Amino acid sequence: MVKLRLKRCGRKQRAIYRIVAIDVRSRREGRDLRKVGFYDPIKNQIYLNVPAILDFLEKGAQPTGTVHDISKKAGVFTELRLNQ
């Protein structure tokens, strides 16, 4: 099963997170299938590759709670409903 979840990057006390599609059995910093965006909580910046996220969601990938909230704020799920 594939999940969309956060992968921690950056230095100590200055975390930046990549949003990645990754196998459920992999650890947090494990090998990802594809990078689909990033999230910087300090500067409150979000970049999402929406077509890639929609592709994974249509194939059955499940977002984690935080990724779901970030995607919802960016309006990804409204585009998913429009495509159906």
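I16 sits in strand β2 of this predicted model. As for how much of I16 shows, the answer is somewhere in the middle: its relative accessible area comes out at 33%, so I16 is partly exposed. That residue also has a part in a surface feature, since I16, F38 and Y47 together make a nonpolar patch of about 260 Å².

Turning to strand β1, which covers residues 2-11, this is where L4 is found. Here the picture is one of burial: L4 has just 2% relative accessibility, and because the cut-off for buried is under 20%, L4 counts as buried. Setting aside residues up to four places away in sequence, L4 touches quite a list of partners, namely V20, A21, V36, I53, F56, L57, A61, Q62, P63, T64 and V67. Take V20 from that list: L4 and V20 are 16 residues apart along the sequence, yet their C-alpha atoms are 5.6 Å apart in space.

V20 and A21 turn up again around D32. With neighbours within four places in sequence left out, D32 is in contact with K7, V20, A21 and I22. D32 itself belongs to the loop that links β2 (14-23) and β3 (34-40). Loop or not, D32 is buried, because its relative accessible area is 14% and anything under 20% goes in that class. As for K7, its side chain and that of D32 make a polar contact at 3.2 Å.

Conventions. Residues numbered from 1 in each chain as written. Predicted model: local features only at pLDDT ≥ 70, side-chain atom pairs only at ≥ 80, totals over all residues. Heavy atoms only, no water. Helix = DSSP H or I, 4+ residues; strand = E, 2+ residues; numbered from the N terminus. Buried < 20%, exposed > 50% of the residue type's maximum accessible area, 1.4 Å probe, protein only. Polar contact = N/O pair within 3.5 Å; in protein donor to acceptor, adjacent residues only side chain to side chain. Contact = heavy atoms within 4.5 Å. Patch = residues over 30% accessible without salt bridge, like charges linked within 9 Å, V, L, I, M, F, W, Y side chains within 5 Å. Areas by Shrake-Rupley, 256 points an atom, 1.4 Å probe, with all protein chains shown as cover. Salt bridge = Lys/Arg side-chain N within 4 Å of Asp/Glu carboxyl O.
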